[in-house]
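Subject: The structure to look at this week

Hello,

Here is the structure I promised to pass on to you. Please open it beside this email and follow along as you read.

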Amino acid sequence: MDYVNSIYASGMKLRAKAVYMYLKGRCDREGKCFPSINTIASDLDLSTSTVKRALRELESHGYIKKVARFRENKGNTSNMYFLKIENSARD
């Protein structure tokens, strides 16, 4: 089953599916991307709380892995997201 069918058949809420497809459209060939929660929320016309819930749902279902990133001064920056992509959909 390819990633699109897998995500639609996952039983996750629509918000999680929308955020996954958003991330998928912005990731590189390795499945990495790092948009901020505010950017995702603005682009999808969702609240930041809704985006956070969607990201937690995606992570709990194994569709993404979230890694915190930090600036040189130890301040937070956007997270790095690693997506489950077509080549690894059978993992």
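Let's begin at N79, which sits in the loop between β2 and β3. One thing to keep in mind throughout is that this is a predicted model. Is N79 buried or exposed? Its relative accessibility is 17%, so N79 counts as buried. The side chain of N79 is joined to that of Y81 by a polar contact of 3.5 Å. Leaving out residues up to four places away in sequence, N79 also touches C33, F34, P35, K66, V67, A68 and R69.

Now zoom out for the overall plan. The protein has four helices and three strands. If you walk along the chain from the N terminus, you meet the elements in the order α-α-β-α-α-β-β. Of the 91 residues in the protein, 37% are buried. Consider next the contacts between residues at least 6 apart in sequence: 51% of these join residues at least 24 apart.

Helix α2 is a good element to look at in detail. This helix has 13 residues and spans 19 Å from its first C-alpha to its last, close to the 18 Å expected at 1.5 Å a residue. Which residues of α2 are buried? They are A16, K17, V19, Y20, Y22 and L23. These buried residues pack against α1, β1, α3, α4, β2 and β3.

You can see the contribution of α2 again in the largest nonpolar core, which has 20 residues. Y20, L23, L58, I64 and L83 are the residues with the most contacts inside this core. The elements giving two or more residues to the core are α1, α2, α3, α4 and β3. Which element gives the largest share? That is α2, with five residues.

Pick out L23 if you want to see some of the neighbours in this region. Not counting residues up to four places away in sequence, L23 touches C33, P35, I40, L55, I64, Y81 and L83.

M21 is also in helix α2. With 25% relative accessibility, M21 counts as partly exposed. Apart from its neighbours within four places in sequence, M21 is in contact with Y3, V4, I7 and Y8. Try the distance from M21 to I7 in your viewer: the two are 14 residues apart in sequence, and their C-alpha atoms are 8.9 Å apart in space.

Next, the aromatic rings. The structure holds one aromatic pair. The partners are Y20 and Y63, in an edge-to-face arrangement with 5.8 Å from centre to centre and 75° between the planes. Why does this pair tie together separate parts of the chain? Y20 belongs to helix α2 (residues 14-26), while Y63 belongs to the loop between α4 (48-60) and β2 (64-67), so the pair links parts that are 43 residues apart in sequence. Y20 is buried, with a relative accessibility of 1%, and Y63 is buried too, at 8%.

Then there are the cysteines. How many disulfides does the count come to? The count is zero. C27 is in no disulfide, and the nearest cysteine sulfur, that of C33, is 5.7 Å away. Why is there no bond from C33 to C27? The 5.7 Å between their sulfur atoms is too far for a bond, because a disulfide needs the two sulfur atoms within 2.5 Å. As for their surroundings, C27 is buried at 17% relative accessibility, and C33 is buried with a relative accessible area of 3%.

Finally, have a look at D45. You will find D45 in the loop between α3 and α4. D45 has a positive phi of about 55° although it is not a glycine. Is D45 buried or exposed? At 73% relative accessibility, D45 counts as exposed.

If you would like a short tour, start with the ring pair of Y20 and Y63, move on to the sulfur atoms of C27 and C33, and end at D45 in its loop.

Happy exploring, and do send me any questions!

Best wishes

Terms used. Residues numbered from 1 in each chain as written. Predicted model: local features only at pLDDT ≥ 70, side-chain atom pairs only at ≥ 80, totals over all residues. Heavy atoms only, no water. Phe/Tyr/Trp six-rings, centres within 6.5 Å; stacked < 30°, edge-to-face > 60°. Buried < 20%, exposed > 50% of the residue type's maximum accessible area, 1.4 Å probe, protein only. Expected span 1.5 Å × (residues − 1). Contact = heavy atoms within 4.5 Å. Core = buried A, V, L, I, M, F, W, Y, C linked by side-chain atoms within 4.5 Å. Polar contact = N/O pair within 3.5 Å; in protein donor to acceptor, adjacent residues only side chain to side chain.
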